[in-house]
Amino acid sequence: MEGKETLNIIDENGVKKEVEVLSYFKLKSNGKDYLIYTENQIDENGNVLTYTSEVVDNGDSVELKGIEDPEIVNEIKELILQAINAEE
Amino acid sequence: METKLENTEKVENLTLGNLVDRMPKKTGGKAFLIPKLFILRIRNKWRKMKTRLEEFIGGELVNNSIEKKENNIDKKIEAWEEYSNKVREELRNAVAENEEINSEFSQENEEIPKESSKKNNNISQNKVNINNISAALTYSKDKIEKLRQKEIRINKKGLGIFTLSALAIKKLISNGFNKIKSSKESKKVTKEKNASEEKNKKLMNKKTSNDISELLKKILEEYRRSNELEQQKLEETKRSNELKEQILSMLVSLQYTQESERENNYTK
């Protein structure tokens, strides 16, 4: 993954892996930080699987929590769509 | 004295033509004992008087009435009335047409907001709105570097799983979220902007159509005034012609009186 922003993370199974960071941002509606990343997995349609997690800074470590609130998920989804369709 | 003018005859029935015709054409006998030369002189005098009277009244004497002149005036009045009615009709049609245009304008203006609001909804979904309020703040690479220095653990994947094309990923990375508003805000601002634009358009159209109708009203008013003035002039002309006719008949009666006096004096 050269020329891209990457992070080394430890997944739920304790396995270390390198992921590509697509966006690290703060959502103004709730003031929380979120990370969109990908492990570059491709689905049957040739699209790339991406994950969005809440970033919780615990000082020395950082926890990537899964989003359970559907409203937040929809809001982030809307933002992603707008960013993709925006004029550069 | 025979063949003298009967006293029972009224002056009004006499005309210049009658008087000239009554003048005896030959002397002697039971006619007037007036020398032929004198008769000729009187005839010439009558003819001159007739000419002068015709010049005075500005028309031709036909059976002691100014029929031709009156007919001309009546015809003129009729023609003018016809013309003015035609002009009024045209102006009424123009005003009616203007009102139709006004109603079309108002219909169009009602339709325009609906169409433009539809367009704006589509645009807001597909286009970036550059404004001061953004829904999210994309962190710079320095922030990512700080994360990198810590141990990062995934707790749970959650619901935020999306599939994106390679191109979409590229755009997401390059555009970021800093220029993106929340969808609610963008729709609200666009709607307000469109509403004010449509209001201005309506005002402009209304003003234009009002100006046109005002102008047409003024033109109609001017035509009415000029028609009234013409009518007044024609009536005055008619009155003056009536006066001239009265003067003419008075002159005729005066001439008759003078001539009969002369005849009486001469026969004596």
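Which residues of α5(B) are buried? Keep that one in mind while you load things up. One caveat before you click anything: this is a predicted model.

**Stop 1: helix α5 of chain B**

Select residues 166–175 of chain B, which make up α5(B). The buried residues here are B:Ala168, B:Ile169 and B:Leu172. Look down the axis and they share one side of the helix, because they cover an arc of only 100 degrees around it. Now flip the view: the face turned away from that buried side carries the exposed residues B:Ala166, B:Leu167 and B:Lys170.

What sits over the buried residues? From chain A, the cover includes β2, β3, β4 (48–57) and α1 (70–85), and β3 (161–164) of chain B is also part of it. Before leaving, click on B:Gly176, just after the helix, where phi is positive at about 70 degrees.

**Stop 2: chain A from end to end**

Show chain A by itself and colour it by secondary structure. You should see 1 helix and 5 strands, in the order β-β-β-β-β-α from the N terminus. Of its 88 residues, 45% count as buried. If you like contact maps, take the contacts between residues at least 6 apart in sequence: 18% of them join residues at least 24 apart.

**Stop 3: walking the strands**

Start with residues 6–10 of chain A, which are β1(A), and add residues 16–27, which are β2(A); the two run antiparallel and are joined by 5 bridges. To see a pair up close, pick A:Ile10, which stands opposite A:Lys16. The two strands form a hairpin with 5 residues between them, and A:Gly14 in the turn has a positive phi of about 85 degrees.

Next, add residues 32–42 of chain A, which are β3(A). Antiparallel again, β3(A) is joined to β2(A) by 7 bridges, and A:Ser23 stands opposite A:Ile36. This hairpin leaves 4 residues between its strands, with A:Gly31 in the turn at a positive phi of about 75 degrees.

Keep A:Ile36 selected, since A:Thr52 in β4(A) is also its bridge partner. β3(A) and β4(A) pair in the antiparallel sense over 7 bridges. Their hairpin has 5 residues in between, and its turn holds A:Gly46, with a positive phi of about 85 degrees.

Now pause on β4(A), which is mostly covered: 7 of its 10 residues are buried. Carry on to residues 61–66 of chain A, β5(A), which pairs with β4(A) in the antiparallel sense over 5 bridges. Here A:Asp57 stands opposite A:Val62. The hairpin has 3 residues between the strands, and A:Gly59 in the turn has a positive phi of about 95 degrees.

**Stop 4: where chain B joins in**

Bring chain B back. Where does chain B pair with β4(A)? Look at β3(B), which pairs with β4(A) in the antiparallel sense over 4 bridges; A:Leu49 stands opposite B:Thr163 there.

There is also a pairing at β2(A): select residues 136–138 of chain B, the strand β1(B), which runs antiparallel to β2(A) and is joined to it by 3 bridges. Zoom in on A:Leu27, whose bridge partner in β1(B) is B:Ala136.

**Stop 5: the largest pocket**

Time to switch on a surface. How much space lies in the largest pocket? About 460 Å³. To centre your view, select A:Glu5, A:Val21, A:Leu22, B:Ile173 and B:Ser174, which lie nearest the pocket's centre among its 24 lining residues.

Both chains contribute: β2 and β3 of chain A, along with α4 (141–148) and α5 of chain B, each supply at least two lining residues. The helix from the first stop, α5(B), gives the largest share, 6 residues. Colour the lining by residue type and it splits into 10 nonpolar, 9 polar and 5 charged.

**Stop 6: a residue on α6 of chain B**

Finish by selecting B:Gln255, in helix α6(B), which spans residues 183–267. Is B:Gln255 buried or exposed? Its relative accessible area is 16%, so B:Gln255 is buried, the cut-off being under 20%. Leaving aside neighbours within four places in sequence, B:Gln255 is in contact with B:Trp46 and B:Met49, so show those two side chains as sticks as well.

Key. Residues are numbered from 1 along each chain as its sequence is written. Chains are lettered from A and ligands numbered from 1 in the order in which they are written. This is a predicted model: local features need pLDDT of at least 70, side-chain atom pairs count only at pLDDT 80 or more; totals for chains, interfaces and linings use all residues. Side-chain values use heavy atoms; hydrogens and water are left out. Buried means under 20% relative accessible area, exposed over 50%, partly exposed in between (1.4 Å probe, protein chains only). Contact means heavy atoms within 4.5 Å. Two strands pair if DSSP finds at least two bridges between them. On a 1 Å grid over the protein atoms alone, a cavity is a set of points where a 1.4 Å probe fits but cannot get out, and a pocket is an open set with protein on both sides within 12 Å along at least five of seven lines; lining residues have an atom within 4 Å of a point. Grid points are joined across faces, edges and corners, and a volume is the space filled by probe spheres set on the points. Ala, Val, Leu, Ile, Met, Phe, Trp, Tyr, Cys and Pro count as nonpolar, Asp, Glu, Lys and Arg as charged, and the others, Gly among them, as polar. The arc is that of the directions from the helix axis to the C-beta atoms.
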